Amino acid sequence: MPTEIRTRPAAWTAEFGLLYAQVQQFYAHQLQLADDQDGERWAQTFTEDAVLVAPLGRPVRGRSRLAVRASGPAGRETAGARTRRWIGMLEVHPQPDGTLSTRCSALAYRAGRLHVCAMQDVLVRSGNTWRIRHRLLTRDDDQT
């Protein structure tokens, strides 16, 4: 058993720990809005000019289009089938321009089907919270 105590990387300061917890809370809130089918409030977690790139469709540009997509027929649950989302293995990288680059694994479970994705975001500060400027989702089973 090694007796050497390894020091934490420079990025792991108390200030970074607080930032990391804030980002985790942001994602918990954002994904629960999606789980609750609250498309309008979910869209508010994006910037006005946000871009969402996801499998099986063209990029969605702008908060208003995100709200329409989330609230439209494709965004609604079907009888008895709810979607639950979970993220883990979250990496947060502060950038020189004040944005955050994040990367995590994301799971979406619905009606016996599990989709595993990688999710990469660029977050920007908006008042006392964060908003997503750009999201890239890649599904592990996506062959395109």
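Here is a short conversation about how terms are applied to this predicted model.

Tutor: Residues are numbered from 1 along each chain as its sequence is written, and side-chain values use heavy atoms, leaving out hydrogens and water. Because the model is predicted, local features need pLDDT of at least 70 and side-chain atom pairs count only at pLDDT 80 or more, while totals for chains, interfaces and linings use all residues.

Student: Why is T47 called buried or exposed?

Tutor: Buried means under 20% relative accessible area, exposed over 50%, and partly exposed in between (1.4 Å probe, protein chains only). T47 has a relative accessible area of 11%, so T47 is buried. T47 is found in strand β1; strands (E, at least two residues) and helices (H or I, at least four) are DSSP runs, numbered from the N terminus.

Student: What does T47 touch?

Tutor: Counting contact as heavy atoms within 4.5 Å, and not counting residues up to four places away in sequence, T47 touches R63, V124, R131, I132 and R133.

Student: What makes D121 and R135 a salt bridge?

Tutor: The rule asks for a side-chain nitrogen of Lys or Arg within 4 Å of a carboxyl oxygen of Asp or Glu. In D121 and R135 the closest N and O atoms are 2.8 Å apart, and the pair forms a salt bridge. D121 lies in strand β5 and R135 in strand β6, so the pair ties together parts that are 14 residues apart in sequence. D121 counts as buried at 2% relative accessibility, and R135 is buried at 3%.

Student: How do you know that R82 and D36 form a salt bridge too?

Tutor: Their closest N and O atoms are 3.9 Å apart, and the cut-off is met. R82 sits in the loop between α3 and β3 and D36 in the loop between α1 and α2, 46 residues apart. At 37% relative accessibility, R82 counts as partly exposed. By this rule the count comes to five salt bridges.

Student: What makes a set of residues the largest nonpolar core?

Tutor: A nonpolar core is a set of buried Ala, Val, Leu, Ile, Met, Phe, Trp, Tyr and Cys residues joined through side-chain atoms within 4.5 Å. The largest one here has 29 residues, and V23, Y27, W42, L66, V92 and L123 have the most contacts inside it. Helix α1 gives the most to this core, with nine residues. L123 touches V23, F26 and Y27, among others. In soluble globular proteins, nonpolar side chains tend to be buried together.
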